[in-house]
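Dear colleague,

Please find below the structure that I am handing over to you. My findings follow it, and I would be grateful if you would read them alongside the coordinates.

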Amino acid sequence: MAEDFSKFREYIKGKKAAVLGIGVSNIPLIRFLIKLGAHVTAFDKRKMEELDPKVSEFKESAEFILGDDYLNGLTGFDIIFRTPGMRPDVPELLKAGEEGAVITSEIQEFIRYCRGHVIGVTGSDGKSTTTTIIHELLKASEYNSWIGGNIGIPLFDKVEEIKEEDFAVVELSSFQLMDMEVSPETAVATNLSPNHLDIHKDMEEYIISKKNIFLHQDSEGLLVTNAANDITAEFKKEAPGKVLEFTSSGRSDAYIADGAIFLGDTKIIPTDEMKIIGIHNAENMMAAFLAVKEYVKPETMAEVASSFGGVKYRCQFIRELNGAKFYNNSIASSPTRTLATLKAFGAHKGRVNIILGGYDKNLDYDEMSEQGSDYFNNIILYGAAAPKIEESLKKYLGENAALKILHKDNFDDAVRTLINNSRPGDISILSPACASFDQFKNFEERGDRFDELINSAAD
């Protein structure tokens, strides 16, 4: 049950509020806090000229602490809004908490005060796709649905616009969940596998962070989880409320049998009639169905599944070039995600050309290399993680490694090499299995550059 937002209005007026990070999600937050009467100080490592030009609208109404030592000024505040990119245990934040500051985040306060039905989605892979499918299912059923969190728009400044009968579907990363003290009414865990181990201390901390999506529910809450994933299957033991499970192997609340998705005994859609391909996307679809089964009819589920074409940068078809089909899967910043994509192209074993590499998140590539070895044709490696990936690939490709692996110094050359080595009937994909941060700001920028190079290539 959401708390009354008037409590926050009364609390925040006149308070000293710190906002850490002046990025996409926090600019509307700063604007909103000023509107509510808070004395806002905005913190960022960047200089003023490097910030979004939108900050100019509150230059006169907020304080700014910028530069490399920006956290040195984090003292004397009543409330501090942490950016998801900052660990909650940095010394300056811990000290501020000891001094009495409330440490929170934009998305936590949204979940706390949103009057509508909040559906949260997390997982190592499939978060954005599942979040978007849920949003589309609700819209197709004529509900007013908002989408935000790690995708969509920041939602906290919209909290008073959202009615009790509305839905808010939010994608939640492990970084957003690390210190979360509230949980959404409905929580979805798509799967869990090693990821972000460059930021998290270890896999245990990563899993504990993810659990916060459901641990603070009450007995009326719903957890939707993946019974085929060893880690998420254990979540049901700790869930305070109801649990529904999906699986791509065996039978559960949602499952695949005879080539179709079922909810209980109700057949929803044959998987080959789905517009997005692959077992991993069938799992995403089942997770979405279970999250809204009380609100969406089976026939609407089938309509959405047959028309939903996927989310940008997520195995998105770009074009056919000289007889080869090119796909943008820049979102694949982990080897498990890349492997799931390879398996989606099961009919093209030995015909998949792929770009791998980028920033190494301290992940293990052996499972991808072993199970993906049947799919690879040409492998173009680039970036900081290239040597580690090559070492893994050579274990499973053997003498074929020298024939299949091509090294390039930068991303643009890797894409041009992908184009030049693609033949009619091939599948050619960007699915790097790594983060983008060695050469790009984010996976979107990496994906946009891929699209630009593919679309500008001559037939």
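Is R31 buried, partly exposed or exposed, and what is its relative accessible area? The model is a predicted one, and in it R31 is partly exposed, because its relative accessible area of 33% lies between the limits of 20% and 50%.

Salt bridges

R31 is a suitable place to begin, as its side chain meets that of E57 in a salt bridge, with a distance of 2.7 Å from N to O. This pair links distant parts of the chain: R31 belongs to helix α2 (residues 26–35), whereas E57 sits in the loop between β2 (39–44) and β3 (63–66), and the two are 26 residues apart. E57 is likewise partly exposed, because its relative accessibility of 47% is not over the 50% required for an exposed residue.

By the rule applied here, the count comes to 23 salt bridges. Another of them joins D157 to K158, where the closest N and O atoms are 3.4 Å apart. D157 has a relative accessible area of 21% and therefore counts as partly exposed, since buried would require a value under 20%.

A further salt bridge is formed by the side chains of K236 and E245, at 3.6 Å from N to O. K236 is partly exposed, with a relative accessibility of 40%, while E245 is buried, with a relative accessibility of 12%. Salt bridges that share partners also join R87, D89 and E205 into one network.

E205 deserves a separate remark. This residue lies in helix α7 (residues 203–211). Its relative accessibility is 15%, so E205 counts as buried. Leaving aside residues up to four places away in sequence, E205 touches R87, M178 and H200.

Overall architecture

The protein has 15 helices and 20 strands. Its radius of gyration is 23 Å, close to the 23 Å that the globule rule gives for 459 residues, so the protein is as compact as a globular protein of that length. The C-alpha trace spans about 65 × 55 × 40 Å along its principal axes.

Of the 459 residues in the protein, 56% are buried. Among contacts with a separation of 6 or more, 68% are between residues 24 or more positions apart. The protein exposes about 19,600 Å², and carbon and sulfur atoms supply 46% of that area. As to charge, the protein carries 51 positive and 72 negative charges, whose mean positions are 2 Å apart.

Helix α10

How much of helix α10 (residues 335–344) is covered? The helix is mostly covered, with seven of its 10 residues buried. The buried residues are P335, R337, T338, L339, T341, L342 and A344. They pack against two helices, α8 (279–291) and α11 (366–372), and against the strands β17 (352–357), β18 (376–382) and β20 (427–430).

For your own inspection, I would suggest opening the R31 and E57 pair, then the network of R87, D89 and E205, and finally the surroundings of α10.

Yours sincerely,
A colleague

Definitions and conventions. Residues numbered from 1 in each chain as written. Predicted model: local features only at pLDDT ≥ 70, side-chain atom pairs only at ≥ 80, totals over all residues. Heavy atoms only, no water. Salt bridge = Lys/Arg side-chain N within 4 Å of Asp/Glu carboxyl O. Helix = DSSP H or I, 4+ residues; strand = E, 2+ residues; numbered from the N terminus. Buried < 20%, exposed > 50% of the residue type's maximum accessible area, 1.4 Å probe, protein only. Rg over C-alpha atoms; globule rule 2.2 N^0.38 Å. Contact = heavy atoms within 4.5 Å. Areas by Shrake-Rupley, 256 points an atom, 1.4 Å probe, with all protein chains shown as cover. Lys, Arg positive; Asp, Glu negative; His and termini not counted. Charge placed at Lys NZ, Arg CZ, Asp CG, Glu CD.
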